[in-house]
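Reader: Some labels for protein structures sound like matters of taste. Could you go through a few and show what each rests on?

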Amino acid sequence: MKAVVLVGGFGTRLRPLTVTTPKQMLPVVDRPMIEYVVSTLKRAGVSEVVLALGYKEDLFRAAYPDAECGGVSLSYAVEPEPLDTAGAVRFAADAAGLDEPFIVVNGDVLTDFDIGSLWDRHHALGAMATIALTRVEDPSRFGVVPTDAEGRVLGFIEKPSRDEAPTDWINAGIYVLEPEILERIASGRRVSIEREVFPEIVAERGLWAVHSDAYWIDIGTPATYMHAQLDLIDGVRGAALPAESPEASVDADAEVERSVVMAAATVAGGAVVRDSIIMGGAVIAADALVDGSIVGPRARVGEGAKITGMSILGDGQNVGAGQLVDGLKIPMSD
Ligand code: GTP
């Protein structure tokens with residue numbers, strides 16, 4: 001089985017963290033996000049992954065110079081300009097010469113969904129495309145997908161208002177596609193799979209879906225990037241991962257509660273870190289408070305400073321002693 005993984009987006013919602021690092025290379029507890037995605041694919045039987053790259057593609061190549069990730073071989077398809085979700089699939093499939101059914105996943109989805117069963121269902125149905133659906137409380141920031149009782153997709157409504165959503169089942173960003181689909185994606189221009197390609201296939205009654213309540217999270221926003229990591233250390237997805245890296249240095253008089261502290265980070269005595277992510281090499285000085293926030297790589301929180309309310313400090317940022325940062329991104333961005 002072969003898969004295309006979409007990792008070329010700008011990740012604007014995760015700025016300022018994505019100013020220096022593309023979203024899928026951001027660490028999730030102890031390793032880059034992309035490695036979780038590739039290992040989920042490997043468990044389903046995928047042996048080759050084509051990374052559909054754009055923004056900061058060099059950082060992926062540098063991380064996996066042998067074109068291999070966790071026992072899965074990688075190939076790189078670098079778009080000359082962003083082609084959007086379907087354009088990127090076409091470009092990557094052409095570059096890799098895919099001419100059999102293949103899997104596509106969004107590179108920012110962490111899930112325990114059984115991709116092998118999606119593959120089997122797709123083949124049993126003889127579908128043109130089969131997509132995974134997951135259920136969320138508020139479907140308004142997703143593609144909402146009503147189906148009939150057999151799972152045939154009846155519509156594809158991108159980001160409806162909360163009142164207008166006909167169901168809470170949404171596109172989980174995991175698909176099996178027949179190669180014929182590629183012919184209907186224009187080459188060399190932006191094409192959205194959610195807005196253009198899927199609605200067209202729905203009109204021809206060729207799109208099918210598999211519903212699943214398995215763990216699923218799209219870690220494209222600061223809140224979900226944090227949530228996914230706290231789930232991993234809370235043991236929500238099986239054995240809990242260690243919250244503190246063995247290469248972090250946490251003073252015995254610091255209070256660290258339900259937080260991830262990554263390698264080479266330092267938390268000094270008297271500091272309190274709660275429900276937060278402290279990234280590699282960050283420094284939390286004495287008596288500082290970090291609550292419900294993300295301190296980016298190599299950032300520094302001065303003595304007695306308070307970082308609260310889903311604040312995010314970007315790579316190497318410095319918050320002076322005693323300062324209060326509540327609900328802000330530093331540096332500020334649009
Ligand atoms: P935001 O800017 O925060 O919306 O993030 P994003 O740029 O990653 O967009 P979004 O989360 O909607 O994208 C879904 C998936 O498709 C992510 O894994 C992106 O990396 C990927 N993606 C989005 N646009 C492109 C593109 O033009 N080319 C490629 N190769 N991947 C893309």
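Author: The answers below take the labels one at a time, and the model they refer to is predicted.

Reader: Why is V136 called buried?

Author: Buried means under 20% relative accessible area. V136 has 15% relative accessibility, so V136 counts as buried.

Reader: Where is V136, and what does V136 touch?

Author: V136 sits in the loop between β9 (129-135) and β10 (143-144). Leaving aside residues up to four places away in sequence, V136 touches F142, D168, I170 and W216.

Reader: What makes a group of residues a nonpolar core?

Author: The members must be buried residues of the listed nonpolar kinds, joined through side-chain atoms within 4.5 Å. The largest such core here has 59 residues, and V5, L41, V49, L51, I103 and Y225 touch the most other members. This core takes at least three residues from each of domain 1 (2-221) and domain 2 (242-330). Another core, of 33 residues, lies apart from it and includes L6, A77, A129 and I185.

Reader: Which residues does L41 touch?

Author: Not counting residues up to four places away in sequence, L41 touches A3, V5, V46, V49, I103, V105 and I115.

Reader: How do you know that D84 makes a polar contact with the ligand?

Author: A polar contact is a pair of N or O atoms within 3.5 Å. A backbone N or O atom of D84 lies 2.8 Å from an oxygen atom of the ligand, so the pair meets the cut-off.

Reader: How much of the ligand's accessible area does the protein cover?

Author: On its own the ligand has 620 Å² of accessible area, and the protein covers 82% of that.

Technical notes
Residues numbered from 1 in each chain as written. Predicted model: local features only at pLDDT ≥ 70, side-chain atom pairs only at ≥ 80, totals over all residues. Heavy atoms only, no water. Buried < 20%, exposed > 50% of the residue type's maximum accessible area, 1.4 Å probe, protein only. Domains from an automatic or database assignment. Contact = heavy atoms within 4.5 Å. Polar contact = N/O pair within 3.5 Å; in protein donor to acceptor, adjacent residues only side chain to side chain. Areas by Shrake-Rupley, 256 points an atom, 1.4 Å probe, with all protein chains shown as cover. Helix = DSSP H or I, 4+ residues; strand = E, 2+ residues; numbered from the N terminus.
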